[in-house]
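The exercises below ask you to read a fold from its elements outward, moving from sheets to helices and then to a single side chain. Work through each task with the model open before turning to the solution.

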Amino acid sequence: MKYNTIYRAIALLATTTVLGQLTVACNSSQSGNAPPQQEMAPSQQQLRAVTPAAKQLAKPASAPIARSPTITQDSSQKSEVPEPSNREAYDRIDENPFLRVSNNPLSTFSIDVDAASYSNVRRFINEGKLPPKDAVRIEELINYFPYEYPQPEGDRPFSVSTEISQAPWNPDHRLVHIGLQGKKISTENLPPSNLVFLLDVSGSMEEPNKLPLLKSAFRLLVNELRPNDKVSLVVYAGAAGVVLPPTPGNQKDKIFDAIEKLQAGGSTAGGEGIQLAYKLAKENFIQSGNNRIILATDGDFNVGTSSDSELVSLIEQKREEGVFLTVLGVGMGNLQDSKMEKLANKGNGNYAYLDNMLEAKKVLVKEIGGTLLTIAKDVKLQVEFNPSKVQAYRLIGYENRMLRNEDFKNDKKDAGELGAGHSVTALYEIIPIGVKSDVKVSDVDSLKYQKTVQNAASGSNELMQVKLRYKAPNQNNSQLLTSPVVDRGMKLEDASTNFKFSAAVAEFGMVLRGSQYKGKANFDDILKLANQSQGDDLDGYRAEFIRLVTRSRSITATE
């Protein structure tokens, strides 16, 4: 009896201890906090090839205990072990509605040069399935492609082009095309760069389309470096460490050797890695140069010492000190898309998704100027519509870039950045006065005390006025550009290839999203319009788009 009592007491104590440990572990995981890691270089064991047994042990460690639910997961189907695709996270997108001009004459938003959504959508389609609708950010699909906009004149960092024609999916509506073209700067004329590669080498990165792809991608970028450039290499997994101290760009063999030794294994400590990378960047800061962190990961920041809000605060602080952040996403099944986009946005950089080596070459070689050099920051657009010509309008895409109207003149409000050679395209779908449309328009009750005032442009063909504000990279005061937009009644068949192709891409995005505003849009019409506007297409990007539309049509037909 005495011994039974002792055994029961021991069992109760053990159970209490285990429950306490589980509670602490769960709370730590949910809060994003973990015991602080020592700032140290990774051991040689981490950099050597991981043994098969170690790889098996590393895999569970790379998976977080608590994950954000994906928008594609059916809550009615529960499983103890989620499918890899269920770990991907995308922010919900509520499409911009049609707004009545009499109540909302102004539309204000930040530019977006990111193109990650297009290559991610391509990955899904190449796998034989359509993407989750919230993975489709239409503005990023449109901005993936280069357009034939004129180069800016004088000291302006970019040019502005506008065009108006019929909306292909609803010919009674008009489509307004706004294009910005950043000044092109040849690689040899770029300012010196202080680059810190920050690579995720945690266990989840060992797959061929993750760390091995990134190693090959960074070799491409290293080949573009010049003697006056400097590159450092920081990794993070169980601990963060410096693999390569600041090294001149002409010491390529030394840089290649450091990249080649990288191997995946361990849990993820992204917070410590980012802090260490920024420390290196500041210690080697180049005045009037390009100081930038290039973070490459599948986006899994679940074991770091910092919460998401603390990471964002750090990135915002460092951008004000002149160190910007570019984010490269890789892989599938674990892609934290929403978090990566947010970090790049806050860091005055861009977010790209690398699904293959061709995309890596596009981002890190062909578009290296735009990827690495910001020529205009905090770029905002504000459009004022003429109520005598337009009854309602809708901005296509840019849902997570909308700004309050008063933010346009507020130089403290952060907005998007434009890189050298980058172009930005925005489309507005408008309902002209006198057109009866079956689309739903956001409305309010008639106002009793407001009077109709004669509009200064009521006797002209001006549909709207486009205003832009931007800052030079090293300045805090914005400059203003304004331009009226006139509708000359152009039909769709007479529109430019820029207009037709961007409209085809927007139409494709609306079909993928199942948009309530897609009108008569369908894959056949998209293909017809895209084939009409393929143009020279020297890099084959538009031909690939046509292939993806064709593949999407086949996938839909078999569902």
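Two strands count as paired if DSSP finds at least two bridges between them. The model is a predicted one, and its chain comes to 15 helices and 17 strands. Of the 559 residues, 52% count as buried, and residues 24 or more positions apart account for 81% of the contacts with a separation of 6 or more.

**Exercise 1. Trace the open sheet that contains β5 and β8, and identify the helices that lie across it.**

Step 1. Begin with the pair β5 (residues 193–200) and β8 (residues 290–297), which run parallel and are joined by 7 bridges; within this pair, Ser-193 stands opposite Asn-290 of β8.

Step 2. Turn next to β6 (residues 230–236) and β7, which pair in the antiparallel sense over 6 bridges. A hairpin of 3 residues joins β6 to β7, and Val-234 stands opposite Val-242 in β7.

Step 3. Put the pairs into their place in the sheet: the 6 strands follow the order β7-β6-β5-β8-β9-β10, with mixed pairing. The edge strands are β7 (240–248) and β10 (351–354), each of which pairs on one side only, and the twist from one strand to the next averages 20°.

Step 4. Add the helices. Helix α6 (residues 211–223) lies across β5, β8, β9 (324–330) and β10, and runs at about 170° to β5, whereas helix α10 (residues 337–346) lies across β8, β9 and β10, running at about 160° to β9.

**Exercise 2. Determine the strand order of the open sheet that contains β4 and β14, and describe how α13 packs on that sheet.**

Step 1. The order of the 6 strands is β3-β4-β14-β12-β1-β15, and the pairing is again mixed, as in the sheet of Exercise 1.

Step 2. The edges are β3 (158–167) and β15 (441–442); each has a single partner strand, so one side of each is left without a neighbour in the sheet.

Step 3. Inside the sheet, β4 (residues 170–182) and β14 (residues 423–432) run antiparallel and are joined by 8 bridges, with Ile-430 of β14 as the bridge partner of Arg-174.

Step 4. Helix α13 packs on this sheet by touching β3, β4, β12 (390–395) and β14, and its direction makes about 110° with that of β4.

**Exercise 3. Classify the packing of α14 with α15 and of α9 with α10 as roughly parallel or roughly antiparallel, and give the classes of residue in each contact.**

Step 1. Helices α14 (residues 523–532) and α15 (residues 541–558) pack at about 170°, with their axes 10 Å apart. Angles over 145 degrees count as roughly antiparallel, and α14 is therefore roughly antiparallel to α15.

Step 2. On the α14 side the contact includes Phe-523, Ile-526 and Leu-527, while among the contributors from α15 are Phe-545, Ile-546 and Val-549. By class, this contact has 7 nonpolar, 4 polar and 2 charged residues.

Step 3. Helices α9 (residues 308–320) and α10 pack at about 25°, their axes 8 Å apart, which makes α9 roughly parallel to α10.

Step 4. The contact is made by Asp-308, Val-312, Ile-315, Glu-316 and Arg-319 of α9 together with Lys-339, Lys-342, Leu-343 and Lys-346 of α10; by class, it has 3 nonpolar, no polar and 6 charged residues.

**Exercise 4. Describe the surroundings of Asn-498 and of helix α11.**

Step 1. Asn-498 is found in helix α13 (residues 497–513). With a relative accessible area of 9%, Asn-498 is buried, because the cut-off for that class is under 20%.

Step 2. Leaving out residues up to four places away in sequence, Asn-498 touches Tyr-147, Glu-148, Tyr-149, His-177 and Arg-542. A polar atom of the Asn-498 side chain lies 3.0 Å from the backbone nitrogen of Glu-148.

Step 3. In helix α11 (residues 357–366), Glu-359, Ala-360, Lys-362, Val-363, Leu-364 and Val-365 are buried, and what covers these residues includes α4 (116–126), α6, β9, β10, α12 (368–372) and α15.

Step 4. At the start of α11, a side-chain oxygen of Asn-356 reaches to within 3.1 Å of the backbone nitrogen of Leu-358.

Note on methods
Residues numbered from 1 in each chain as written. Predicted model: local features only at pLDDT ≥ 70, side-chain atom pairs only at ≥ 80, totals over all residues. Heavy atoms only, no water. Axes fitted to C-alpha atoms, helices over the stretch in contact; angles between N-to-C directions. Helix = DSSP H or I, 4+ residues; strand = E, 2+ residues; numbered from the N terminus. Parallel < 35°, antiparallel > 145°, perpendicular 65-115°, else oblique. Contact = heavy atoms within 4.5 Å. Nonpolar A, V, L, I, M, F, W, Y, C, P; charged D, E, K, R; others polar. Buried < 20%, exposed > 50% of the residue type's maximum accessible area, 1.4 Å probe, protein only. Polar contact = N/O pair within 3.5 Å; in protein donor to acceptor, adjacent residues only side chain to side chain.
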